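Reader: I should like to learn how features of a two-chain model are read. Where should one begin?

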Amino acid sequence: MPMFDKNIKIRAIIALSVIVIALFYLTPSLTESLPGFWKNNLPTDKIHLGLDLQGGMHLVLEVETEKAVENATERISNDLKEVLMKKKVRFRHLDRTEGTTIMVDLRDSEARGQFDRILEEDFPTLEIESSEIIEGQERVFMKIAAKQAETIKKFAVEQSLETIRNRVDQFGVSEPEIIPQGKDRILIQLPGVKDPQRAINLIGKTALLEFKLLDEEHSVDDALRGTIPPGSIVLYGYKIDPDTQRRKKVPYLLKKKTLLTGDALEDAKVRIGNRFGEPYVGLTFDSQGARDFDRITAQNVNKRLAIVLDEVVHSAPVIQERISGGQAQITGTFTMEEARDLAIVLKAGALPAPVIILEQRTVGPSLGQDSIDKGLLSIIVGSIMVILFMVAYYRLSGFIANMALIMNIIIIMGALAAFKATLTLPGIAGIVLTIGMAVDANVLIFERIREEARLGKSPNAAIDSGYAKALITIVDANITTLIAALVLFQFGTGPVKGFAVTLSIGIISSMFTAIFVTRIVYDYFVWHRKIKMVSI
Amino acid sequence: MELIKPGINLNFVGRMKLASIASVIVVIISIVSLLFHGGPNLGIDFAGGTQVQIKFENKTEVKDIRDSLSTISLGKSVIQQFGYEDNNEFLIKTEKSSSEIKGLSSSIEEALTVQFGKDAFEVRRVEVVGPKVGKDLRQKGMLAMIYAIIGILIYITWRFEFRYAIGAIIALIHDVLITVGIFSLLGKEFSLPIIAALLTIIGYSLNDTIVVYDRIRENLRKARRQKLGEVVNSSINQVLSRTILTSGTTLLVVGALFFLGGAVIHDFAFALLVGVVVGTYSSMFIASPTILAWETVWPSKKKRK
């Protein structure tokens, strides 16, 4: 076919450009020191290694969004109570019952009428679920409207994402990845994290800071026996027993009402105490927070104010005098590291709802390096065996196929760097597998050429129909594998996705090298050199 | 060089019955093993749980590790050697997956430190999967298989005929079942990478099947008067050389992965090894004869003697 003869140069140029581009993308991954002109003009991205190869932590968190709705319900029910009292509506109980329902008992139908008006005017987000009349009293159950609840949930996830990003940023991890997944999940990838437990503590802590007054009118012991006064709660703190040096649980009876939260903070810093050099966390309130803190301390001099973090009482000092500077501190038995992490989480703000860890995978750096070494070894040994076999079986043709194979590996690696895909351990397996399957295309072609030659066709006719007939088979066979690989890509997470990526790239690039590139070599030999037959 | 002589004519179609019986027996053994073991042996990816990989400096026995962990309640746990014996690497697996911040893995680390000292071991890998994620992944894994099969069914029906697609699907279900069965018989665990391996086997098995199909289709066009059985048989023979060569090169590289790739990827490579062998067999003995069987039950409209 003379047409092929004419455009053989064009095809050679295409093949060469592809390999040169692949090499350009691959080079940064091969060498540490790139020359200056390269850094300015050419690609500098290395192949991105998955956490299973470079070591690091993979976390999937679920935001307990239902809790965010509960918190919102709690706030609204407190507001509602205040408004009802202010407008002198006669009611008995108003409480959040289990979950996200608010229940109120109204004295009579007149109170019900007032209540309905208030609800309509001031609390449009509340919806009446049901109501019943018990001995003349009206009992009403309310909930936050479903649409509103959805918004709260969505917002909780967004805010958690933001807060966790802030915390991770300050923790100092290079190239962290924090992305939402599904409706209420957050995927976190932290390369190179050495102390996973510390990272989990930092990310997973709700860090809800609350200031509450101690209930000093009632006794803690009575409360522990079961008679907790209404409007109060029992929370625990920890103390080091001076005799045994053991951590001891200490109960506190606190007023339920929260006077101030961590929202009012502007800054949190680690400071060192004067007396023993023990670390503590110094808090600075924002202007509104400082005013509130000023008012709270002024109104409650000589009372004890508890500093509660995630339902644990850290300390409950006596307010000696009004504090106007907008400064406070959390003391406790911290190590330097703990104090630093606490300052980070307080500064980054509380999570709007607790998070639970659904999945945690940590790979140490030594195992990652092991995997890289062994993976590379398998690639090299596998390739050498295939290369030797091909030359032994097909001689010069085998040599041509081997060139295509090496080119294929370079293209796969270059494509990984160019598309910023992630190479994982199963991904390396994908490359190994592609090597085995890439020669398949050439085997198909060569066997076909042999068959055609046996029928007595001339070399170029045999090559021609060999390629033409094998082509359909190769495309059909590879597309089905590609379908499986694409499904895998959709379904997979992390390492498995990496496998799907290298397999897909490998299939496509192997079709290019095994069909397009080898053909150029054949055409060159047969047309230009007038060689009778390339040994096959 | 030629391994398979040209003009070879082995009687594949004639041994179809024998092959089917053999396959049915192996598939039944696989299913019985699965039933006997109460389904596949799910790893923590799917069942949820905690898995900690630890490398010790010195020679250590499983018993010593178990003793040192007796202070913490692990629940149902397995402690086993991981990789080669002289590596001193162990895998501690439990069904528990604590969602608390103070995780089970750090309790394990603490208990081991008390017994062996801080520098005597290295925690190389920790994996904690909650039950919710496990269930999600199980569903997703099944769905992935189903989607892949449907996609392939559509493609083959489009490129060939429906009866070809049926043959291909039967062959690949056969391959997957046998691989899963062998895993079950050997007590090997199912993890996410194994699902990836199964999907690859599906792809590979099809690759082989389609090469045979392609030749059948080509020969059917050429020889209109030949019996279908003869066409199928000679087609399998014509591509036999390629089938053997490709399986060979693929086995070479997968073998390299199996022997040199390290413990983490060992089972994955094993699944591929099994899959390549079974997939090659099934494309010759299961996929193509199915077309014949289909033809006997529902003859195609085109006349053929």
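Author: Let us begin with burial: a residue counts as buried if 20 or more other C-beta atoms lie within 10 Å of its own. The model before us is predicted, and helix 7 of chain B shows the idea, for 25 of its 31 residues are buried and the helix is mostly covered.

Reader: How many ångströms should helix 7 of chain B span?

Author: The expected span of a helix is 1.5 Å times one less than its number of residues. For the 31 residues of helix 7 of chain B (residues 192-222), that gives 45 Å; the end C-alpha atoms lie 46 Å apart, which agrees.

Reader: How is burial read for a strand, and which strands pair with strand 1 of chain B?

Author: The same cut-off for buried residues serves, namely 20 or more other C-beta atoms within 10 Å. In strand 1 of chain B (residues 49-56), 7 of the 8 residues are buried, so this strand is largely enclosed by the rest of the structure. Strand 1 of chain B runs antiparallel to strand 4 of chain B, joined by 8 bridges; Ile54(B) has Val123(B) as its bridge partner there. Strand 1 of chain B also pairs in the antiparallel sense with strand 3 of chain B (residues 89-94), over 6 bridges, and in that pairing Gln53(B) stands opposite Leu91(B).

Reader: Which strand of chain A pairs with strand 4 of chain B?

Author: Bridges may also be read across chains. Strand 18 of chain A pairs with strand 4 of chain B (residues 121-129) in the antiparallel sense, over 5 bridges. One bridge partnership sets Thr362(A) against Val126(B).

Reader: How many residues of each chain are in contact with the other chain?

Author: For a contact, the C-beta atoms of two residues must lie within 7 Å. By that reading, 61 residues of chain A are in contact with 58 residues of chain B. Several elements of chain A each supply at least two residues to this side, among them strand 18 (355-363) and helix 12 (365-418). Helix 12 of chain A gives the most, with 15 residues. The side of chain A that touches chain B comprises 37 nonpolar, 16 polar and 8 charged residues.

Reader: Which residues touch the most other members of the largest nonpolar core?

Author: The largest nonpolar core holds 222 residues, and those touching the most other members include Ala429(A), Leu488(A) and Ala148(B). Helix 12 of chain A provides the largest share of this core, 17 residues. Leaving aside residues up to four places away in sequence, Ala148(B) touches Ile483(A), Ala484(A), Val487(A), Leu199(B) and Ile202(B).

Key:
Residues numbered from 1 in each chain as written. Chains lettered and ligands numbered in written order. Predicted model: local features only at pLDDT ≥ 70, side-chain atom pairs only at ≥ 80, totals over all residues. Helix = DSSP H or I, 4+ residues; strand = E, 2+ residues; numbered from the N terminus. Nonpolar A, V, L, I, M, F, W, Y, C, P; charged D, E, K, R; others polar. Pairing = 2+ DSSP bridges. Core = buried A, V, L, I, M, F, W, Y, C linked by C-beta atoms within 7 Å. Buried ≥ 20, exposed ≤ 12 C-beta atoms within 10 Å, placed from the backbone.
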